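User: I am new to this structure and would like a close look at a single part of it. Please take one helix, say how it sits, and then work outward from there.

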Amino acid sequence: MTAALLLQSAIIGISIGSIYILMALGLTLMFGMMHIINFAHGAVYMLGAFVIYYVFFQGGAPYFAALVLAMVLLGAFGYLVERSVYRPIKGGIEPTLVALLALTTFLQAAGYPVFGQLDKHVPPVFAGTRNILGVMISVERLMIIPVAAVLVVGLYLFINRTRLGAAMRAIEQDKEAAALQGVNVHVVNGLAFAIGFALAAAAGALMAPIFKLDPMMGEQPLLKAFIIIILGGLGSIPGAILGGLMLGLIDSIVATALGAEPAFLLSFVFIIGLLLFRPSGLFGHA
Amino acid sequence: MRRAIVLVVLAVLAVAALLVPLLGDYYIHVFALVFINIILAASLRPSLNCGQLNIGHSAFMCVGAYTSALLAKHYALPFELTLLAGALLATVVGLIVGYPALRLRGVYFAMVTVAFVEVIRLIAAIWVPLTRGNSGLSGIPKPNLLGFTLVSKSSQYYLAVALTAIALFVLWRLERSRLGLTWRSIGLADNLAQSLGVNIAAHKLLAFAVGCFFAGVAGAFYAHFIRFLFPPEFGFLVATNILVYNFVGGRGHFVGPIVGATFLSLLSEPFRGSAYETIFFSIAMLLTILFLPGGLITLPGKLAELRWWRATAAPTPSPAA
């Protein structure tokens, strides 16, 4: 592997890692507050990509408008899921998990009759390549990095600088105490669902011009996001960011050297190995 | 009520076991798959009773299936040996991956089991010289049991019935034994169980291994019944289905997974192969979780309650009267 190829796969790794971070942030946020694992995250990623297909490609709307629309629509869907699935189950972890699994398989299976059996393709949004330190990278992949960075910084500021963000942190520390201080736990949980779904939709929307679209496309990013949040520690936001970058780099460099499937296998073996020595991840405390 | 449910379930299984072969090959095929699903669902129970949410059971079915198929295909070993080898290798793999994973609790464990499924599926897909990878392994011989090849579908069906009966009997005896009670105590309050001197890690591992063994049995039979193995067939969806059988049937009683596996397998059968299979499946799953949290086995009790409520409520005159 030459230095140029290594650099190229590293930059592509950061770009893929940004997608993983967007997926993992929502998962880790929802876990921190509600102790649930949102299996529907992959299906939401898929729906985000299909919004781009219909609104940007078929409808002719500007790309970033379609991206924002995907985030708004699926964020609203997230709030609805909290209201109609999570809240009625009243916090039972196992039933919630199974219900979210059911929602996932429903969305994926319904995708076939609704979106059609054939794979869909979205034409490139940003054409051309850019020369970075002597290697050529497609602008399409480069663009993912600033967009993801804006979303991550936005989330960070929201959580740390606003009253609602403070309410989220309060619920994460102690749900009952937060409720006693006047935090409307249901609404704030619904907000966490909405944010998580919107970030997953953004990830799908960013990947839509790069990969082919089919109802099962969210499965792999979901599994990657699981690995990342185990790696970074469940509930830890810095852990999700660092884990996402690490996995993106491992993925891209190992996949260039050995092929995609061995890279995937390696990341799983790595995570099982890590858990042997640090059962709560790199940044976990629980 | 519970006793009645158990009797009904046993009666239905016995009738199905005896009468289905009269209905023809299609029904034989469908019901043999139902019995495989019953073994898989019931074998997840020991782990679930220990409070371990295992979403990776299809990985061990996969190990059992490939082991049995390859031994029979390349070494012409009889089914009784390949079945045992498949089940034992599934157990060994379960012990190897289960040992580190069982130190994890709750959701961490659930997510790692999701990783197992992918690891095993990817190994089956990548190890092409052995498994033929994603082209699929074909030419698996029909089960050769005690020197007789089971040629007809109905004889293979009776083999499935026999395997299911043995598996359910063993699992039921285990659940009712002191060991089963210990598992249950770990699931209910692991700290308390530990304070009473229960070795939690060892018991969780044992429960997990028992489940892997029977998943291997189910896989081995599946291999010789379908006679074609394809790595994506053992993916995440199958693993979640096994878990779902338990929740939809009901976690509170041994017959829960049996009811769940039978109900969901038969319900989705008319749509098999189309997207509507999964759509119906997932709707049934969601409705049960939301409106019948105890699973289908609590349905008769709920209905009786409703009737009692109506009967007591009816004589009360309404304010308008």
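Analyst: Helix 8 of chain A is largely enclosed by the rest of the structure, because 19 of its 23 residues are buried. The count rests on a cut-off: a residue is buried if 20 or more other C-beta atoms lie within 10 Å of its own. The model is a predicted one. Helix 8 covers residues 185-207 of chain A, and at 1.5 Å a residue it should span 33 Å; its end C-alpha atoms are 33 Å apart, so the two values agree.

Helix 8 of chain A is also part of what covers the buried residues of helix 5 of chain A, and the cover includes helix 1 (3-34) and strand 2 of chain A as well. The buried residues in question are A:R141, A:I144, A:A148 and A:L151. Helix 5 itself takes in residues 139-161 of chain A. From its first C-alpha to its last, this 23-residue helix reaches 33 Å, close to the 33 Å expected at 1.5 Å a residue.

Strand 2 of chain A, another piece of that cover, consists of residues 135-138 and pairs with strand 1, residues 129-132, in the antiparallel sense. Four bridges join the two strands. In terms of partners, A:N131 is bridged to A:M136, and A:I132 is bridged to A:V135. The two strands form a hairpin with two residues between them. In the turn, A:L133 has a positive phi of about 50 degrees.

Elsewhere in chain A, helix 3 offers two residues to compare. A:L69 is found in this helix, and A:P88 has its place there too, in the run of residues 63-89. A:L69 counts as buried because it has 20 C-beta neighbours inside 10 Å. A:P88 has 14 such neighbours, so it counts as partly exposed. Leaving aside residues up to four places away in sequence, A:L69 touches A:V51 and A:V55. A:V51 is 18 residues from A:L69 along the chain, and their C-alpha atoms are separated by 7.9 Å. For A:P88, the distance to A:I241 is 32 Å in space, C-alpha to C-alpha, with their positions 153 residues apart in sequence.

Chain A also meets a second chain. On each side of the contact between chain B and chain A there are 33 residues. Helix 5 (106-126), helix 11 (236-249) and helix 13 (275-291) of chain B are the elements that give two or more residues to its side. Helix 5 of chain B gives the most, with 12 residues. By class, the chain B side divides into 28 nonpolar, three polar and two charged residues.

Within chain B, one pair of helices can be described in detail. Helix 2 (residues 25-49) and helix 10 (residues 200-226) of chain B pack at an angle of about 170 degrees, with their axes 7 Å apart. They are therefore roughly antiparallel to each other. Among the residues that meet are B:I36, B:L40 and B:L44 in helix 2 of chain B and B:F208, B:F214 and B:F221 in helix 10 of chain B. This contact has 16 nonpolar, four polar and no charged residues.

Note on methods:
Residues are numbered from 1 along each chain as its sequence is written. Chains are lettered from A and ligands numbered from 1 in the order in which they are written. This is a predicted model: local features need pLDDT of at least 70, side-chain atom pairs count only at pLDDT 80 or more; totals for chains, interfaces and linings use all residues. Two residues are in contact if their C-beta atoms, placed from the backbone, lie within 7 Å. Ala, Val, Leu, Ile, Met, Phe, Trp, Tyr, Cys and Pro count as nonpolar, Asp, Glu, Lys and Arg as charged, and the others, Gly among them, as polar. Axes are lines fitted to C-alpha atoms, for helices over the stretch in contact, and angles run from 0 to 180 degrees between N-to-C directions. Angles under 35 degrees count as roughly parallel, over 145 as roughly antiparallel, 65 to 115 as roughly perpendicular and the rest as oblique. A residue is buried if 20 or more other C-beta atoms lie within 10 Å of its own, exposed if 12 or fewer, and partly exposed in between; C-beta atoms are placed from the backbone. The expected span of a helix is 1.5 Å times one less than its number of residues. Two strands pair if DSSP finds at least two bridges between them.
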